[in-house]
Amino acid sequence: MNNAVNQFLEKARNTLNQAYSNAKETFYSITSTPSATVQQIANYVMNHPDSKVTTKHYLGITLSFYELAQGQMKYYLETNGSKILQLDVHSNFHSVVAYRSYRDQLSLNTPVKFPNLNQSQ
């Protein structure tokens with residue numbers, strides 16, 4: 001019975017998170033607020049030619065650390081293969097995005113208010 005309750009709660013939480021993501025995306029679309037998902041930002045950092053990448057091996061696990069500075073925007077990304085472990089974006093010493101894989105508050109596909117990714121400085 002406990003397992004059934006846990007499954008129900010997990011499904012309810014996932015449904016609410018998806019509804020929240022959809023509402024946020026619609027709001028940003030209506031208000032023309034620039035937004036991007038954690039996954040989109042991570043892809044941007046990983047594929048940017050100016051990103052500095054460091055790879056380290058710990059106990060048989062390969063971790064990659066990316067750093068990118070674009071004008072006033074500073075990006076920091078940690079990955080384990082294709083899994084995003086951590087993503088931080090700062091602008092003028094203000095945190096724009098702080099994602100941690102061990103937290104479930106922010107999904108990889110939840111849009112976040114974000115400055116234009118196509119800025120070239």
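## Close-up views of a predicted model

**View 1. Leu59 sits in the hairpin of β2 and β3.** Let's begin with a turn: two residues lie between β2 and β3 in this hairpin, and Leu59 takes a positive phi near 50°. Remember as you look that this is a predicted model. The two strands pair in the antiparallel sense, over seven bridges. To find one matching pair, start at Thr54, whose bridge partner in β3 is Phe65.

**View 2. A second hairpin joins β3 and β4.** Here again two residues lie between the strands, and Gly71 in the turn has a positive phi of about 65°. Strands β3 and β4 run antiparallel and are joined by seven bridges. Look across from Leu68 and you will meet Tyr75 in β4.

**View 3. Strands β4 and β5 run side by side in the antiparallel sense.** Strand β4 covers residues 73-80 and strand β5 covers residues 83-91, with eight bridges joining them. One residue to look for is Glu78, which stands opposite Gln86 in β5.

**View 4. Five strands make up an open sheet.** Now step back and follow the strands in order: β2-β3-β4-β5-β6, with antiparallel pairing. Which strands stand at the edges? They are β2 (52-58) and β6 (94-100); each has a single partner strand, so one side of each is left without a neighbour in the sheet. Neighbouring strands of this sheet are turned by 10° against each other on average, direction ignored.

**View 5. Helix α2 has its buried residues on the same side.** The helix spans residues 38-47, and its buried residues are Val38, Ile41, Ala42, Tyr44 and Val45. Why do they end up on the same side of α2? They cover an arc of only 155° around the axis, which puts them there together. A general rule helps here: an α-helix has 3.6 residues a turn, so residues three or four places apart point the same way. The buried residues of α2 pack against β1 (35-37), β3 (61-70), β4, β5, β6 and β7 (111-113).

**View 6. Ser51 is found in the loop between α2 and β2.** Is Ser51 buried or exposed? Its relative accessibility is 14%, so Ser51 counts as buried. Beyond residues up to four places away in sequence, Ser51 touches Val45, Tyr66, Glu67 and Leu68. With Val45 there is a polar detail to spot: the backbone oxygen of Val45 lies 2.5 Å from a polar atom of the Ser51 side chain. As for Leu68, the C-alpha atoms of Ser51 and Leu68 are separated by 4.7 Å, although the two residues are 17 apart along the chain.

**View 7. Ser64 belongs to strand β3.** This serine is buried, because its relative accessible area is 13%, under the 20% cut-off. Leaving aside neighbours within four places in sequence, Ser64 is in contact with Thr54, Thr55, Leu77, Glu78 and Thr79.

**View 8. Arg100 and Asp88 meet in a salt bridge.** How many salt bridges does a search of the whole structure find? There is one, and its side chains, those of Arg100 and Asp88, come to 2.8 Å, N to O. The pair links distant parts of the chain, with Arg100 in strand β6 and Asp88 in strand β5, twelve residues apart. In general, side chains of opposite charge can pair when their charged atoms come close. Both Arg100 and Asp88 are buried.

Notes. Residues numbered from 1 in each chain as written. Predicted model: local features only at pLDDT ≥ 70, side-chain atom pairs only at ≥ 80, totals over all residues. Heavy atoms only, no water. Pairing = 2+ DSSP bridges. Helix = DSSP H or I, 4+ residues; strand = E, 2+ residues; numbered from the N terminus. Axes fitted to C-alpha atoms, helices over the stretch in contact; angles between N-to-C directions. Buried < 20%, exposed > 50% of the residue type's maximum accessible area, 1.4 Å probe, protein only. Arc of directions from axis to C-beta. Contact = heavy atoms within 4.5 Å. Salt bridge = Lys/Arg side-chain N within 4 Å of Asp/Glu carboxyl O. Polar contact = N/O pair within 3.5 Å; in protein donor to acceptor, adjacent residues only side chain to side chain.
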